[in-house]
Amino acid sequence: MNDELIVNSQHRNRTKEHLKTALIQLIKKKGFHAVSVKDIVDQAGYNRSTFYLHYQDKYVLAEELLIMKLEGLKEATGKPYWHGHKVLTNKLNVESFQIVDYIYEHRDFFELIQYDDTLPGLHTGFPQTMLKIYEEQFVFETINNSPVNMEYFKYYTAYGFFGLLNNWILSGFRESRDAFIHNVIELTKTHIHSFHYVGNKLDPDTK
C-alpha cells in the first residue's frame, strides 16, 4: 500500500511539474492573460480533466509555481551556511552564493521577469523575497562598524543585489556564473565586513 501511495504521489508531482513547465513556456509565447487552460493541457499533453484534478484554474497553478520557486530561492541562499555561522566578506567565494546557482538552474522560470504580461506577483514577489531573505537570515556588520539604520541598510543591500540579479537575467546570463559572483563579492566587500547567518534554527546539525 505504501509503495502504491509513493507511486501515485510521484505521478501526481510529475504531472504538476509538466503543467507548470507548460505555463512557463506559454507565458513566453503569448503572455499570461492570453493563456487558457486548454492551451496549458495541450502544451503539456494532458486533458482538461487532468488539469482540474490538480488545480481550480490557471491562477491557482500560477500561484503554486510562484510560491514554490521563491521558497526555493530562500532555501538556496542558506545552503552554504549553518545557524550562527559568521562569515567575513573577504572569505566569500563562488560556493557562498548557492542562490546564483539556483537562479541559473531555474532560469526558464526566472526569465519570466523580463515580460510585462508575466506570472502574477513575480515582479513584486522576487525583490520582496530578496528583502525577506536579508531580514530573516542575516545579521550584518558594516565596514569599521559604521553606525547605520540597519533596516535601511538591509533594504538598500537586498534591492541592490536584486538589481544585479535582474540585470544578469535580462542580459541572457551573458556573464559567467563565476564572473558574476566575483563582481558581487567585490561590491559586497565595500560596505559589509562580515555577517552572521541566523536562518535554519531547526537544522538538526545545529542542535
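Modeller: A definition to begin with: an axis is a line fitted to C-alpha atoms, for a helix over the stretch in contact, and an angle between axes runs from 0 to 180 degrees between N-to-C directions. Please also keep in mind that this is a predicted model.

Biologist: Thanks! In what order do the elements of the protein run from the N terminus on?

Modeller: The protein has nine helices and three strands. Its C-alpha trace spans about 60 × 45 × 30 Å along the principal axes. From the N terminus on, the elements run α-α-α-α-β-α-α-α-β-α-α-β.

Biologist: Among contacts between residues at least 6 apart in sequence, what percentage joins residues at least 24 apart?

Modeller: Let me start with burial: of the 207 residues in the protein, 41% are buried. The protein exposes about 11,800 Å², and carbon and sulfur atoms supply 51% of that area. As for contacts between residues at least 6 apart, the share joining residues at least 24 apart is 71%.

Biologist: Let's turn to the helices. At roughly what angle do the axes of helix 5 and helix 8 cross?

Modeller: Helix 5 covers residues 98-105 and helix 8 covers residues 150-170. Helix 5 passes helix 8 in a right-handed crossing. Their axes come within 12 Å, and the crossing angle is roughly 35 degrees.

Biologist: And how do the residues of that contact divide into nonpolar, polar and charged?

Modeller: Helix 5 brings I99, V100, I103 and Y104 to the contact, while helix 8 brings F161, L165, W168 and I169. Sorting these residues by type gives no charged, no polar and eight nonpolar.

Biologist: Against which helices do the buried residues of helix 5 pack?

Modeller: The buried residues here are I99, V100, D101, Y102 and I103. One of their partners is helix 8, whose contact with helix 5 includes I99, V100 and I103. The full list is helix 4 (58-78), helix 6 (107-110), helix 7 (122-137), helix 8 and helix 9 (177-188).

Biologist: F110 caught my eye. With which residues is F110 in contact, leaving aside its neighbours within four places in sequence?

Modeller: F110 sits in helix 6. Its relative accessibility is 1%, so F110 counts as buried. L73 is 37 residues away along the chain, yet the C-alpha atoms of L73 and F110 are 11 Å apart. The contacts of F110 are K69, L73, Y102, I103, F126 and I169.

Biologist: On to the strands. In what order do the three strands form the open sheet?

Modeller: Strand 1 (residues 86-88) pairs with strand 3 (residues 192-197) over three bridges. Strand 2 (residues 138-142) is joined to strand 3 by five bridges. Both pairs are antiparallel, and the order of the strands is 1-3-2.

Biologist: Why is one side of strand 1 and of strand 2 left without a neighbour in the sheet?

Modeller: Neighbouring strands of this sheet are turned by 20 degrees against each other on average, direction ignored. Strand 1 and strand 2 lack a neighbour on one side because each stands at an edge with a single partner strand.

Biologist: Which residue in strand 3 is the bridge partner of F140?

Modeller: Follow the pairing along strand 2. F138 has Y197 as its bridge partner in strand 3, and T142 stands opposite I192. For F140, the bridge partner in strand 3 is F195.

Biologist: Which residues of strand 2 point to one face and are buried?

Modeller: In a regular strand the side chains alternate between the two faces of the sheet. Strand 2 shows this alternation, with V139 and E141 pointing to one face and not buried. The buried residues, which point to the other face, are F138, F140 and T142.

Biologist: What angle does the direction of helix 8 make with that of strand 2?

Modeller: Helix 8 packs on the sheet and touches strand 2 and strand 3. The angle between the directions of helix 8 and strand 2 is about 100 degrees.

Biologist: One last stop, the loop. Is N144 buried or exposed?

Modeller: N144 lies in the loop between strand 2 and helix 8, and its phi is near 55 degrees, a positive value in a residue other than glycine. N145 is also in the loop between strand 2 and helix 8, with phi near 55 degrees and a relative accessible area of 52%, which counts as exposed. N144 has a relative accessibility of 71%, over the 50% cut-off, so N144 counts as exposed.

Key. Residues are numbered from 1 along each chain as its sequence is written. This is a predicted model: local features need pLDDT of at least 70, side-chain atom pairs count only at pLDDT 80 or more; totals for chains, interfaces and linings use all residues. Side-chain values use heavy atoms; hydrogens and water are left out. Helices (H or I, at least four residues) and strands (E, at least two) are DSSP runs, numbered from the N terminus. A crossing is left-handed if the near helix is turned anticlockwise from the far one by less than a right angle, and right-handed if clockwise. Contact means heavy atoms within 4.5 Å. Ala, Val, Leu, Ile, Met, Phe, Trp, Tyr, Cys and Pro count as nonpolar, Asp, Glu, Lys and Arg as charged, and the others, Gly among them, as polar. Two strands pair if DSSP finds at least two bridges between them. Buried means under 20% relative accessible area, exposed over 50%, partly exposed in between (1.4 Å probe, protein chains only). Accessible areas come from the Shrake-Rupley method with a 1.4 Å probe; for residues, only the protein chains shown count as cover.
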